[in-house]
Amino acid sequence: MSPSYYRIGLFGGDDGHVTIWGESAGAGSVLQHIVANGGNTQPPLFNAAITSSTFLPSQYYYNDRVPQLVYDEIAAMTGCTSNADTFTCLQSVKAETLQTVNYDVAGSGFYGTFVFVPVVDDTFILERPTVTLAKGRHLVCPTYYLLQAFAGRSWKVSPVCTRIAVELTELSQGLFAIPPAYHVQDVAYYFASPSSLPPYNNTQFITAFSQPFMSLVKYYDVNIIFDPTNITPDWNEYYIEETEMLFNRTEAGEPAVVPIQTDPKLLERCAFWATATATTAQ
């Protein structure tokens, strides 16, 4: 067992009941942990996982052309190209220089892309994430790939910020739709406090939205209600009629928390991109 796994108990946690959770790039990190070691990390380091707005960039093999081009560019910009051992040379470059190079290289990528992303290293990450997921060992689109991989063990929070709560026995998806519902605007509603109130400061909505996530963490079941004021209705696992939970508000400003079905056209698009993952390196 990893020593870090046991350290959770030193902070008052239960090292036999561990949930990891991430938003955006953090959700991408959770995905990497799910697919690590071919989806079979032993002993398991966590029991449940939640991803919010999952980040799934192109993920090349470490020695593919694209990562090599980035490496060569960094070596050139730091004056290490002529060195017989470019890596050792890079290790000796001043932090200030590397910081400048990092900024310049990261800003040179195509709009909407990221230069520094995970790779397939054949040690920790053995293959592209969608390949591992397709084998059904886990939990896109990246959310919908996860939902398919964990059929019968998942729920979906239903568009703008799509998230999936994945227990490694359960999976669900929900949709955060409070206008304008831009990326990461859902974060303010997970852990609202008097010193940090979200824009739609409605107690019923905040409770309904945040508590299913807490229920997954505490009980591995989003339907266990520990606050009697929670208005979230019964939330089917995703495999039951592709159910998502919509978290929105009415024009009158009242909470609107209702189950919906995933738009078939969206699933068609996801199915198409699933066939293109070898080309997109996902």
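Start by selecting D263, which caps the N-terminal end of helix 10 with a side-chain oxygen 2.9 Å from the backbone nitrogen of K265. Keep in mind as you look around that this is a predicted model.

**Helix 10**

Extend the selection to residues 264–275 to show helix 10 itself. Its 12 residues reach 17 Å from the first C-alpha to the last, close to the 16 Å expected at 1.5 Å a residue.

**Helix 9, from cap to end**

Now go back along the chain to N202. Here you find the N-terminal cap of helix 9, where a side-chain oxygen of N202 lies 3.0 Å from the backbone nitrogen of Q204. Select residues 203–219 to bring up the helix that follows. With 17 residues at 1.5 Å each, helix 9 should span 24 Å, and the 23 Å between its end C-alpha atoms agrees with that.

Look along the helix for a change of direction: where does helix 9 have its kink? Centre on Q211, where the kink is about 30°, shortly before the proline P212. Both Q211 and P212 are buried. Other buried residues of helix 9 include F205, I206, F209, F213 and L216.

Just after helix 9, stop at Y220. Its phi is near 60°, a positive value in a residue other than glycine. Y220 belongs to the loop between helix 9 and strand 6 (243–249). Is Y220 buried or exposed? Its relative accessible area is 18%, and because the cut-off for buried is under 20%, Y220 counts as buried.

**Helix 2: two residues to compare**

Next, select residues 25–39, which form helix 2. Pick out N37, a residue of this helix. N37 also has a positive phi, here about 55°, although it is not a glycine. With a relative accessible area of 29%, N37 is partly exposed.

Then move to L31, also placed in helix 2. L31 has 0% relative accessibility and so counts as buried. Which residue should you show beside L31 to see a contact across the sequence? Try P129: the two are 98 residues apart along the chain, yet their C-alpha atoms are separated by 7.8 Å.

**Two cis peptide bonds**

From helix 2, follow the chain into the loop that leads to strand 2 (48–52), where P43 lies. Display the backbone of Q42 and P43, and you will see a cis peptide bond with omega of about -5°.

For another cis bond, select P179 and P180, where omega is near 0°. P180 sits in the loop between strand 5 (170–176) and helix 8 (187–190).

**The largest pocket**

Finish by switching on a surface. Rolling a probe the size of a water molecule over the atoms shows where empty space is left. The largest pocket here has a volume of about 700 Å³. Of the 26 residues that line this pocket, select V66, V70, F114, V115 and F116, the closest to its centre.

Which helix gives the most to the lining? Colour residues 65–77, helix 3, which contributes 8 residues.

To end, colour the pocket lining by residue type. It divides into 19 nonpolar, 6 polar and 1 charged residue.

How values were computed: Residues numbered from 1 in each chain as written. Predicted model: local features only at pLDDT ≥ 70, side-chain atom pairs only at ≥ 80, totals over all residues. Heavy atoms only, no water. 1 Å grid on protein atoms, 1.4 Å probe; cavity = no way out; pocket = protein on both sides within 12 Å on 5 of 7 lines; lining within 4 Å. Points joined across faces, edges and corners; volume = space filled by probe spheres on them. Helix = DSSP H or I, 4+ residues; strand = E, 2+ residues; numbered from the N terminus. Nonpolar A, V, L, I, M, F, W, Y, C, P; charged D, E, K, R; others polar. Expected span 1.5 Å × (residues − 1). Bend = angle between axes of the 7 residues up to and from the residue. Buried < 20%, exposed > 50% of the residue type's maximum accessible area, 1.4 Å probe, protein only. Polar contact = N/O pair within 3.5 Å; in protein donor to acceptor, adjacent residues only side chain to side chain.
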